[in-house]
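The following questions and answers examine the packing and the open space of one protein model. Please consult the sequence and the structure below while reading.

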Amino acid sequence: MPPFRQVGQKQLPQEVVFMAWSPKRDLIALANRAGEVLLHRLANFQRVWSLPPNENTGKEVTALAWRPDGKILAFGLTDTKRIILCDVEKPESLHSFSVDSSITYMHWMEVTEESSVLTSFYNAEDESNVLLPKLPALPKNYSTTAKIFSEEKSDEIMKLLGDVRLNALVLGGSSGFIEIYAYGMFKIATVTEVAGSCRGLCLSSDLKSLSVITEIRDSSDSEAEIKYFQLDTSLLSSYLPEVTRMARKFTHISTLLQYIKLSLTCMCEAWEEILMQMDSRLTKFVQEKNTTTSVQDEFMQLLLWGKASLELQALLMNQLTVKGLKKLGQSIESSYSSIQKLVISHLQSGSEALLYHLSELKGMALWKQKYESLGLDASGIEEAITAVGSFILKANELLQVIDSSMKNFKAFFRWLYVGMLRMSEDHVLPELNKMTQKDITFVADFLTEHFNEAPELYNRKGKYFNVERVGQYLKDEDDDLVSPPNTEGNQWFNFLKNSTHLKESPLLFPYYPEKSLHFVKRQMEGVIDRCLQKPADIIGKSVHQAVCVSLYKTSQSEDSTPQLFKLPFLWNDKTTNIHYVLFTILENSISKIYILRRHSDTSRSVSNGILAVEFGNFLNNSINESSDSKCYSCLDAHFYDDETITVVLKESVEQEGKERILAQLPLSSVYTDEDPDREFIWDSTKRLDEQSGEITTRTVFLENQWRVLENMKAQYVAVNGIRKVSCVLSSNLRHVRVFEMDVEDDGEEEEEETTQVAAGEPDELNQTAYNQDNVCGASAEELPDETEEHEPSLDP
C-alpha cells in the first residue's frame, strides 16, 4: 500500500513555469507561459481564480512568493519590471511597484527572533488607530482601480499592512540585483555584493545573513557557473527593534500614498468629459461666426438687452439646446459635488494621516543613538512633511475653485436657461423669472472673467475658452494651469510678498499656484521616495560578503529547462538558524544530491558542512538484482520541513518502462551520529564539482516513504510541510498531480485510480492531443479541461 494519497490531477492547457504553496491554506499558486497567475485548491485541484496578463502590469511572470500569513501573493513580471501584490481572496492588485531589474527569484520570510522590546511593540495598540480617524471607503461606483477599498468597512487597506510582526520580501534579479522590502512594501536594503543572475535567495529568520545562489555566464554560448554567496546582514539583526519600528512606519506611509493615489483616481473618474462641452461649443462658434463681435459681447448683449444675434441664437438653440443645457448643468453639479466630497473626506484624511506618520518618523530620526546608523535623516523627512503640506494647500485651493465654480455655473445656467426658453417662446416659471441686480452683476462678472477669447490658449490646448476650471487640476501633466487662481488683492499674499523673513520661513508650506493637483502629488511622492531611499542605501552598504563558493557548471542540455524550476534550492531552519543548499551534480550518469550547510551567524561553523547523498536500491521489482545498488538519479529536491527533504527520483538504468518516484528523505538518515566522517577540506581555488570525489557520500535506503508515479514523467515538485501537501509537475510542464503526504491511500481507491490512468506516456501529448476527449488515459469528465471548470470561492 503506497503512502502519499493522491487527491487530484490535471492536464493544463498552458505550460506551468512556477508553483508555490500557500503557507497557511491548502492553496497553490501557479504561473504559466501565457503570463496568467492561477490559484488552485488542493481538493481535486479546483481553480479558485485566475488573473490574466495585463498590458499595464505585464505578461511574463518570472517569480512567485506568498506573504507568511498567506493573505497576499506577490509575483514579479520581467517585461515591465514590476512587482504586484495580489489579494488571495480575489484576483485584484492591492499594490504594485517598479524595480530596476528583471526579477528572477523572490523569497518572503518572517522574522521569528524574539525580545522584550519587540514583544511590547507587537502587543501595543497602534496609536495612529486611536489618534487618527478611520480612513473612509472609496465609492463603489468607480472603476476597478478603486475597488481595493470598495467594502463598507474599508478593511482592504489593513491587508497591505498585515501583521505587525516584521516580514521581508527579498527580490533577486539579473546583474547582481538584490533588494529587501519590509512588509513587502518598504525597501530597507539594496545589496550590491554579488555578481550574476539570481537563482535562489534565503534570508535567515534572525536576519543575520542572506544566502544567494547566482548564475554567472561570460557569454551567451558559454557554460554558466553556479555560485553560492553568504552575505552578512548583521546590521539588520543588531537593530531589529529599530528596523521593525521604522519599517512599520514606512509601510503606513506607503499604504497612505496608495490610498491618496486611488482617491485622486476616483476624482478623475468623477470628472466627466461632458463638462468640456461649453468650451468646445464656444470655440466652434468663434471659428464659424461671421461677425467681428466677440463672444463675450454677444453674451453681454443678451444679458443687458435680452436680445441675441442670429448666430448666438443658432448656437444656443440648435447646438447647445434647452435639453442639453439642463443635462450639462446637472452633470456639472453632480460631478463637482462628488469631487468635493472626495477631497474633503478622502484626500484630506489621507494627507493628514500622512503628516502624522511623517512627524512621528522625524521624531525617531532625531533619536540619533538608535536610528542614525539605519540612515534615517531628519532633514529629508522635514522636506517630505513640507511636500505633504504643499499638497494639502493645493487640495484646499481645488475646494475653493469647486465652490466658486458651482456658484458661478448655477447662476449662469439659470439665466441662460430662462433666456433660451424665451427664445423658443416657451412658458417661463415665475420663480425663474425673478432676477435681481445682484444676480445680473454676478453673471456679468462671470462672463467678463470666463468668456474672454484667448488665442494663446488655442495654440496650447486647441480651444479659445476655459470656462470649466476644475478639470485642469486633475490633469496628469507637467503644463501649468490654463487658468490659475487670481491672487491679486489677496491680503495674505501681499503680506508675504512684503515680508522678507516670512518668505523663507520653514514654518510656511510652499505654494504652487501655477501647478495642478496631480503635479504637486507627483512632487510629493518623489520627495517621500527620496526620503525612504536613504535607509535602503545605508543598510545595503553595510551588507558584506562572508562566503563565496563556486558550486558547479551547468551543462548545455539544461538550458531548455525553465530557470524557475532549476536546482539549487535554499532553505532556512528557523530553529537552528542553519542555511541549507540543495543541488545535484551528475557523476557516472547518476545525479547525486549535495547538501551544503552554513550557520546564519557567519562566524560559526557547522559540522558536516557538505555531504553527498545517493539512493540505494529500494524498488527491487523493477531492476535486476545484480545491478549496481546506486541506481537512482535525483531530478528535483525541496525541503518539506526542517527534518525532511522531498525528492523526485528516476531509475538510471536503461530499460523499458522505468518509473519516476516521489520520496521523503529524512535528514536523520543523512546526518547520523555514529562514526563521524572526516571533515571535507575546502579548496577555494576549485569548483565544488571538481572536488566531489573528496566529499563524504551517504548511501540511503528508503524504507516506506516513497511512491511510484505511474504513467507520469515527473520532473519537479513543490511542497508544503505545514499543510502536509505536495504537487508534482511533469517534464512537459502541463501534467500535475497533488498528494497529501502524511496519509495512506485506501487500497480500493488506489486500485481504481490505477485503472483510470491508462498505460502510455501522457507527457508526450502535444496540444492537439490535449484537446481530445482522452487526457492521460482519463475521460474528459474525470479530468476536466482547465477552461471549463467553475471557480469556487475561498470560503470552506
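Q: In this predicted model, which helix gives the most to the largest nonpolar core?
A: The largest nonpolar core has 117 residues. Those with the most contacts inside this core are Leu 166, Met 267, Phe 299, Leu 354, Phe 412, Leu 416 and Ile 528. With 20 residues, the greatest contribution to this core comes from helix α11 (residues 378-423).

Q: How many residues does the second, separate core have?
A: Ile 595, Cys 634, Phe 639 and Leu 665 are included in a second core, separate from the largest one. The size of this second core is 30 residues.

Q: Which residues does Leu 354 touch, if residues up to four places away in sequence are not counted?
A: Leu 354 is among the residues with the most contacts inside the largest nonpolar core. With residues up to four places away in sequence left out, Leu 354 touches Ile 253, Leu 256, Leu 257, Ile 260, Val 388, Met 524 and Ile 528.

Q: Which residues lie closest to the centre of the largest pocket?
A: The largest pocket holds about 1,400 Å³ of space. Its lining comprises 19 nonpolar, 15 polar and ten charged residues. Of the 44 lining residues, the closest to the centre are Arg 82, His 95, Ser 96, Phe 97 and Lys 261.

Q: Which residue in β9 stands opposite Arg 82?
A: Strands β8 (residues 82-87) and β9 (residues 93-98) run antiparallel and are joined by five bridges. A hairpin of five residues connects β8 to β9. β8 and β9 each supply at least two residues of the lining of the largest pocket. Opposite Arg 82 stands Ser 98.

Note on methods. Residues are numbered from 1 along each chain as its sequence is written. This is a predicted model: local features need pLDDT of at least 70, side-chain atom pairs count only at pLDDT 80 or more; totals for chains, interfaces and linings use all residues. Side-chain values use heavy atoms; hydrogens and water are left out. Two strands pair if DSSP finds at least two bridges between them. Helices (H or I, at least four residues) and strands (E, at least two) are DSSP runs, numbered from the N terminus. On a 1 Å grid over the protein atoms alone, a cavity is a set of points where a 1.4 Å probe fits but cannot get out, and a pocket is an open set with protein on both sides within 12 Å along at least five of seven lines; lining residues have an atom within 4 Å of a point. Grid points are joined across faces, edges and corners, and a volume is the space filled by probe spheres set on the points. Ala, Val, Leu, Ile, Met, Phe, Trp, Tyr, Cys and Pro count as nonpolar, Asp, Glu, Lys and Arg as charged, and the others, Gly among them, as polar. A nonpolar core is a set of buried Ala, Val, Leu, Ile, Met, Phe, Trp, Tyr and Cys residues joined through side-chain atoms within 4.5 Å. Buried means under 20% relative accessible area, exposed over 50%, partly exposed in between (1.4 Å probe, protein chains only). Contact means heavy atoms within 4.5 Å.
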